[in-house]
Amino acid sequence: MLCGDVPSAGLEFVRAPQLMPIMLVDAPSTATVAQVIADDWYAPNVRNWNWFYCDATRQFIGTFMVGEVLYRPTGQLIGLFEPPTPDISGRFSVSGLSSLVGRGRTINEARADWELSVDAMIQRLFGTQDFERSTDEQENMRQLSQCFDLTEIRYALPLQVRNCGKLVSVFPRPWKVRWIDGTSSDLSRHQVPAELVRFSVGQEFEAVVEQDSRTGDLVKIVSVFKSARKQVSDRDVTNLLSRATSSKDLPDLDWD
Amino acid sequence: MRVLFVDVGQGTCQVILTGRRRAIVIDTGSHPRTVMRVLRLFRVETIELLCISHNDEDHAGGTAKSSSRKNSKWKKPPSLVMGILAHYQDAIETIAFVPDTKFAKSRFGKFLVQLEDEGKIRPEQLVTIEVQATPKLLWESENKVTQLAVISPLGGNTASALVKKNANASSAILELRHRGQKIVFAADSEYSQWRDVLRLRSNRPVDCRAITIPHHGGLMSGTLADLRWFAGSAIKADIAIVSVGTRNGYGHPGPETIKAFALSTSQVCCTQITEKCCGDLESVRPSIVGVPRFPCRSSTDKDVKRKKRNDGSTVIRSNNVGCATTISAILTDSGIDFERLDEHRRGVDKLVSNGHTPLCR
């Protein structure tokens, strides 16, 4: 049955007493229905488009968000809910993603669990390389890549990087930070945490920063804490070198 | 395992993803953050080995020049090695480097002292690279199938480089060995080093699956005869890789170098394309292999610089246009397989059919 409001599509939906089929009054053309679906499917910044229920046991999977990550299916995904029995909780699964099952008493609960499972599996697979994946993991990756644009998801989140910096200028705004890797950043207030605002010019600090995944550009400083490293002379470096291991002491190998 | 010859623009950087969120980094290139993007996007948590072949800006991201500037220590050129050290700190297991003339005064060396002072590294984790009569084992995989060996510089090379104040002449040359095949990371090594290597090998050429052409395809302080000897007799490689930036002020890669390797290898791949190969670089952006598959410096966005000539005309110079971009090789049970080489070959074919004259043809 159809649930929820259908936004301004000029269509009229009615609740059907049975599960299937979908009933339409003044049924629009197939192309119109497809357009409505497509419009909402790709609507930006929309979370959990749950309105387009096919029935109590099926859900159309649109864009959904888990934490900060937006998951946008690349094709049509229909979730199937197997209602709970006294012994077994309900199961929500999607054909084509056989290894992922969401569990819950209701379809919404099970679907939310399924979305968490998708997120957990994708993020875990991102932490592995293709050459080290088991057969099951490779199959999961293959299935997921057919349902979602994994490259987009990989690049969607900013990278968190630890860096060392020094506050070199406060006035005139913006805040200017020189990083230990030699680069510098001009930062507006919304890009720096409150702790940094309290620092005086010349303060050295360690920071966790967010960088754009595609460009590597700094997005914002997440957190900072003061650091004061000792002054080092050339003699200290020479001294350290004298205590370092030499490759002469490493095992020998043949030339081939 | 996967070996990435990272497109960092003008510079050199190789990352070996060893699995379990671990990696080996050989040089860091010169562009801030590219190598960090690679490491973070692949969720690398531990650097098993950070190896700096020599302390030149395009390999260690400016560790060298820092010492020669009289500005405050914060007004220095980019130093990627510092960025990696700052992020990973106690998550780096071994740091290997050549203690050339530039090292002692570099910020790299000083930062190592500071990290030791804070208890984040121990002196035993630092390895100074120098070879005697045989290659040395720098790293080995757990199953002992894959090894990273250092074959140069010899003691004599290091001493000579110190006298000449030429860091290139004591570059570390590394060999990745896997199931009887090799990848040679030649950094900016010079002919003198290779002659010593060949002497110790009883003049048997270094037979490898791939080599990074030294000095970004430049002439390596030698003559054309040296180059012909090197490409023809010293090295026997299937693939020659040139890590080069589209707009570089050095004239890299040298046409004679590319031609010499094009004759002796089956394929020459540059990370970025230069005006020597294509007159209209914006027409092939982001790269001749299409959308890059791995993080790289080559850019999808237009990146051009307009320069006025003396005669009043304006020259438009493109930057960061990919050729093969970041090149990837997979280490399998059967050996070392390079990926997307066909796409690169087709891309070069297309350049030729469009009337361009790429150096590798």
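Here are four exercises with worked solutions on a predicted model of chains A and B.

## Exercise 1: The sheet of chain B

Work out the strand order of the open sheet in chain B, and find which strands stand at its edges.

**Solution.**

Step 1. Begin with the general idea: strands of a sheet pair through backbone hydrogen bonds, in either a parallel or an antiparallel way.

Step 2. Trace the sheet across chain B. Its 7 strands follow the order β7-β8-β9-β10-β11-β12-β13, and the pairing is mixed.

Step 3. Look at the two ends. β7 (136-140) and β13 (267-270) of chain B each have a single partner strand, so one side of each is left without a neighbour in the sheet. From one strand to the next, the twist averages 25°.

Step 4. Check the pairing at the β7(B) end. β7(B) and β8(B) (residues 146-152) run antiparallel and are joined by 4 bridges. To see one of these strands meet the other, find E140(B), whose bridge partner in β8(B) is Q147(B).

## Exercise 2: Around strand β12 of chain B

Is β12 of chain B largely enclosed or largely open, and which strands pair with it?

**Solution.**

Step 1. Count the buried residues. In β12(B), residues 235-242, 6 of the 8 are buried, so the strand is largely enclosed by the rest of the structure.

Step 2. Take one partner. β11(B) (residues 206-212) pairs with β12(B) in the parallel sense over 6 bridges. Here D207(B) stands opposite K236(B).

Step 3. Take the other partner. β13(B) is also parallel to β12(B), with 4 bridges between them. In this pair, V242(B) has C270(B) as its bridge partner.

Step 4. Follow the chain through the helices. β11(B), α8(B) and β12(B) form a right-handed β-α-β unit. From β12(B), the chain then crosses through helix α9(B) (residues 255-264) to β13(B), and this crossover is right-handed.

Step 5. Compare with a helix of chain B. In α7(B) (residues 191-200), the buried residues are Y191(B), S192(B), Q193(B), W194(B) and V197(B). Their cover includes β8, α6 (155-164), β9 (173-178) and α8 (224-234) of chain B. After α7(B) comes S202(B), with a positive phi near 55°.

## Exercise 3: Two helices of chain A

Describe how α2 and α3 of chain A cross, and name the residues that make their contact.

**Solution.**

Step 1. Set the scene: chain A has 6 helices and 15 strands, and 20% of its 256 residues count as buried.

Step 2. Find the two axes. Those of α2(A) (residues 107-126) and α3(A) (residues 135-147) come within 11 Å and cross at roughly 115°. The crossing is left-handed.

Step 3. List the residues. α2(A) brings M121(A), I122(A) and L125(A), while α3(A) brings E137(A), N140(A), M141(A) and L144(A).

Step 4. Sort them by class: 5 are nonpolar, 1 is polar and 1 is charged.

Step 5. Link this to helix geometry. An α-helix has 3.6 residues a turn, so residues three or four places apart point the same way.

## Exercise 4: Where the chains meet

How many residues of each chain are in contact with the other, and which elements of chain A take part?

**Solution.**

Step 1. Count both sides: 41 residues of chain A touch 54 residues of chain B.

Step 2. Name the elements. On the chain A side, those giving two or more residues are β10 (159-169), α6 (234-243) and β15 (245-246).

Step 3. Sort the chain A side by class: 16 residues are nonpolar, 12 polar and 13 charged.

Step 4. Look for strand pairing between the chains. β15(A) pairs with β6(B) (residues 126-128) in the parallel sense over 2 bridges. In this pair, T245(A) has V127(B) as its bridge partner.

Definitions and conventions:
Residues numbered from 1 in each chain as written. Chains lettered and ligands numbered in written order. Predicted model: local features only at pLDDT ≥ 70, side-chain atom pairs only at ≥ 80, totals over all residues. Pairing = 2+ DSSP bridges. Axes fitted to C-alpha atoms, helices over the stretch in contact; angles between N-to-C directions. Left-handed = near helix turned anticlockwise from the far one by under 90°. Contact = placed C-beta atoms within 7 Å. Nonpolar A, V, L, I, M, F, W, Y, C, P; charged D, E, K, R; others polar. Buried ≥ 20, exposed ≤ 12 C-beta atoms within 10 Å, placed from the backbone. Right-handed = clockwise from strand over helix to strand, strands pointing away.
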